[in-house]
Structures are given as structure tokens and as C-alpha cells.
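Colleague: I have a few questions about this protein before I go back to the bench. Can we take them one at a time?

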Amino acid sequence: MMRIIHGIGYVAYILWAVLTGSFTIVARLVRTDYAAPMIVELPMRCATDLEVTLFASSITITPGTLVTAIAAGTSASPPVIFVHALFEDSEEAALAGLIDMETRLLAMTRGRAPGTQTESEGDRS
């Protein structure tokens with residue numbers, strides 16, 4: 001049940017990101033500092049092919065961001081995603097947005113946000 005709730009929330013979040021990203025592009029057209037392009041590197045918490053694909057697709061569908069590469073993980077290191085961002089003020093702001101998107105995605109695919117404690121057997125409904 002929680003996956004459905006998180007899934008609805010994630011779809012609404014992506015639609016909102018697409019809408020606000022489109023407005024950002026239009027608003028930046030009239031400014032002299034149209035864009036501040038950068039490429040950021042994010043070690044992912046996504047573990048399965050489905051999670052990585054959904055995360056990369058979500059980034060690419062959002063105006064102003066584009067996945068440029070994904071480096072496969074090893075047993076000692078997680079997979080890494082490289083994202084081209086056009087309108088972020090800093091690398092930290094870009095990474096914060098990506099981490100927020102990944103957290104919402106993982107809550108949808110796993111039924112809970114990463115880092116939260118698992119429910120005890122008595123708390124499940």
C-alpha cells in the first residue's frame with residue numbers, strides 16, 4: 001500500500017518538476033545569464049536496474065537536466081551517475097535536488113525512504 005502512495009507522490013513530484021523546469025527555461029530566456037551549465041557526479045543509492053533506469057529517465061525528462069553517463073558500480077563502490085545541469089546556482093544545489101529526487105524514487109520502489117528504520121512486525125498493517 002505504501003508503494004502506491006509513494007508512487008502517486010513521485011508522479012506528482014515529477015510533473016511539478018517538469019512544470020517548474022519549463023517555467024525556469026522560459027524565464028531565463030530574457031536574462032543575460034541564461035544558464036550556468038555544469039556536470040555533477042552523484043554516487044547513487046539505486047541498486048537495481050529498474051531503479052537506475054527510472055532515476056535516469058526522471059532526470060532526463062526534467063527540463064534543464066540531462067544524464068550524460070552512468071558508471072557501473074563494483075562490490076566496493078556504488079554506481080555513479082553524471083548529470084548535466086543548466087540552471088542550478090551551485091554544485092551543492094544540483095546534488096541536493098538529485099538526492100531529493102532519488103530519495104522519493106526509492107521510497108516508491110522500496111515502500112519506504114532509504115535510511116528509515118524498518119517497521120517491526122507488530123506495526124505492519
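Colleague: Is Arg-45 buried, partly exposed or exposed?

Modeller: This is a predicted model, so the answer is a computed one. Buried means under 20% relative accessible area, and exposed means over 50%. Arg-45 comes out at 34%, so Arg-45 is partly exposed.

Colleague: Which residue forms a salt bridge with Arg-45?

Modeller: Arg-45 lies in the loop between β1 (38-43) and α2 (49-61), and its partner lies in helix α3 (residues 91-110), so the pair ties together parts that are 57 residues apart in sequence. The closest N and O atoms are 3.2 Å apart. The partner counts as buried, at 1% relative accessibility. The residue is Glu-102.

Colleague: How many salt bridges does a search of the whole structure find?

Modeller: Arg-45 with Glu-102 is one of them. Glu-51 and Arg-110 also meet, at 3.0 Å, N to O. Arg-104 and Asp-100 meet at 3.2 Å. The search finds three.

Colleague: Glu-51 and Arg-110: how many residues apart are they?

Modeller: Glu-51 is in helix α2 and Arg-110 in helix α3, so the pair links distant parts of the chain. Glu-51 is buried at 5% relative accessible area, whereas Arg-110 is partly exposed at 33%. The separation is 59 residues.

Colleague: And where do Arg-104 and Asp-100 lie?

Modeller: Arg-104 counts as partly exposed, at 37% relative accessibility. Asp-100 is partly exposed too, at 30%. The two are four residues apart, about one turn, and both lie in helix α3.

Colleague: How far apart are the end C-alpha atoms of α3?

Modeller: α3 has 20 residues. At 1.5 Å a residue, the helix should span 28 Å. The model agrees, with its end C-alpha atoms 28 Å apart.

Colleague: Which elements do the buried residues of α3 pack against?

Modeller: The buried residues of α3 include Ala-94, Leu-95, Leu-98, Met-101 and Leu-105. Glu-102 is also among them. They pack against α1, β1, α2 and β3.

Colleague: Which residues touch the most other members of the largest nonpolar core?

Modeller: This core has 23 residues. Its largest share, seven residues, comes from α3. Elements giving two or more residues are α1, β1, α2, β3 and α3. The residues that touch the most other members are Phe-55, Ile-59 and Ile-81.

Colleague: What is Phe-55 in contact with, leaving aside neighbours within four places in sequence?

Modeller: Leu-98, Met-101, Glu-102 and Leu-105 are among its contacts, and those four are buried residues of α3. The rest of the list is Leu-42, Met-44, Cys-46 and Ile-81.

Colleague: Which side chains of β1 are buried?

Modeller: The side chains alternate along the strand. Ile-39, Glu-41 and Pro-43 point to one face and are not buried. Those pointing to the other face are buried: Met-38, Val-40 and Leu-42.

Colleague: Which residue stands opposite Val-40?

Modeller: β1 and β3 pair in the antiparallel sense, over six bridges. The residue opposite Val-40 lies in β3 and is Val-83.

Colleague: Where is the pLDDT below 50?

Modeller: The mean pLDDT of the protein is 87, and 92% of its residues reach 70 or more. Among the elements, strand β3 has the highest mean, 96, and helix α1 the lowest, 91. The stretch below 50 has two contacts beyond near neighbours in sequence. That stretch is residues 117-125.

Definitions and conventions. Residues numbered from 1 in each chain as written. Predicted model: local features only at pLDDT ≥ 70, side-chain atom pairs only at ≥ 80, totals over all residues. Heavy atoms only, no water. pLDDT = per-residue confidence, 0-100. Contact = heavy atoms within 4.5 Å. Salt bridge = Lys/Arg side-chain N within 4 Å of Asp/Glu carboxyl O. Buried < 20%, exposed > 50% of the residue type's maximum accessible area, 1.4 Å probe, protein only. Pairing = 2+ DSSP bridges. Core = buried A, V, L, I, M, F, W, Y, C linked by side-chain atoms within 4.5 Å. Expected span 1.5 Å × (residues − 1).
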